[in-house]
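I opened my notebook today to look at some strands, a helix and a pocket. Here is what I looked up, entry by entry.

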Amino acid sequence: MTERLVTAARTHGARVHLDTPATAVRRDAAGRIAGSDTTAGLLSGATVVLAAGVATAALGAPLGVHVPVEPSPSPLFRLSAPAGLVRTVVNTEDFDLRQVTADRLIAAADSPERTLAAVRSTFHGAESVELLSTRLGVRPMPADGEPIVGPVAEVPGLYLAVMHSAVTLAAAVGRLVARELVDGTVESALSGCRPDRF
């Protein structure tokens, strides 16, 4: 999905800078957003959408913007799987699971043994699923658990978009954010997500 979105963005004129971390958000002398400093230099822009997961708070702090987001550690298990075993994001009480390549799954869960047993017993044809690796992922967790999406009044041109369930909400939230920034609409679906609630 990510590759398709990037390809579509390029088709519509977007410049994509892969492996180019943002290091700071820059303001001009009047206090408006001027762009993002990156490891490759300044990317100028009148609007910056700060959607940096757990790094959002650190990037907002030098601007005087408090973003109440904490890291939420989660074990991630990479599993071998038959092609097409899982076709969507699956959330159960045992795991959050998605197929990332034709023969690989990623599961967020507590125990590799319980996760492997649960996946094998949940899906038909999953008897051959094996654990390949384990790592600790860090997901952003807003203070109240709800997405933080919207403009920051104190910093003209700064727009926040950070949430815990980014993989499942990214497409819908991205569409709503684009409407607000490009069309100038105010999306009612985002009314409970605004940064000024804190």
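**Entry 1: a sheet of mixed pairing**

I began with Val48, whose bridge partner in strand 11 is Leu158. Before going on, I noted that this is a predicted model, where local features need pLDDT of at least 70 and side-chain atom pairs count only at pLDDT 80 or more, while totals for chains, interfaces and linings use all residues. Residues are numbered from 1 along each chain as its sequence is written, and side-chain values use heavy atoms, with hydrogens and water left out.

I reminded myself that helices (H or I, at least four residues) and strands (E, at least two) are DSSP runs, numbered from the N terminus. Two strands pair if DSSP finds at least two bridges between them.

Strand 4 and strand 11 (residues 158-162) run parallel and share three bridges. I found another partnership here: Leu50 has Leu160 as its bridge partner in strand 11.

Then I looked at strand 10, which pairs with strand 11 in the antiparallel sense over four bridges. Ile148 has Val162 as its bridge partner in strand 11. These two strands, 10 and 11, make a hairpin with six residues between them, and Gly157 in the turn has a positive phi of about 100 degrees.

Which order do the strands take in this open sheet? I read it as 4-11-10, three strands with mixed pairing. Strand 4 (48-50) and strand 10 (148-151) are the edge strands, each pairing on one side only. The twist averages 20 degrees from one strand to the next (axes are lines fitted to C-alpha atoms, for helices over the stretch in contact, and angles run from 0 to 180 degrees between N-to-C directions).

Helix 4 (residues 166-183) packs on this sheet and touches strand 4, strand 10 and strand 11, where contact means heavy atoms within 4.5 Å. The direction of helix 4 makes about 170 degrees with that of strand 11.

**Entry 2: buried or not?**

I wrote down the cut-offs: buried means under 20% relative accessible area, exposed over 50%, and partly exposed in between (1.4 Å probe, protein chains only).

Why is strand 11 largely enclosed by the rest of the structure? Five of its five residues are buried, so I could call strand 11 largely enclosed. From strand 11, Leu158, Leu160 and Val162 point one way, while Tyr159 and Ala161 point the other way. A rule I keep handy: in a regular strand the side chains alternate between the two faces of the sheet.

Helix 1 (residues 2-11) is hardly covered, with a count of zero buried residues among its 10. Just after helix 1, I spotted Gly13 with a positive phi of about 100 degrees.

**Entry 3: an antiparallel sheet**

I also found an open sheet of three strands in the order 1-2-3, with antiparallel pairing. Its edge strands are strand 1 (22-27) and strand 3 (41-44), and its twist averages 25 degrees from one strand to the next. Strand 2 (residues 33-38) and strand 3 are joined by four bridges, and Ser36 stands opposite Leu43 in strand 3.

**Entry 4: a pocket**

Last, I visited the second largest pocket, whose lining has 19 residues. Leu76, Arg98, Arg139, His164 and Val167 lie nearest the centre of this pocket. On a 1 Å grid over the protein atoms alone, a pocket is an open set of points where a 1.4 Å probe fits, with protein on both sides within 12 Å along at least five of seven lines; lining residues have an atom within 4 Å of a point. Strand 9 gives the most to this lining, with five residues.
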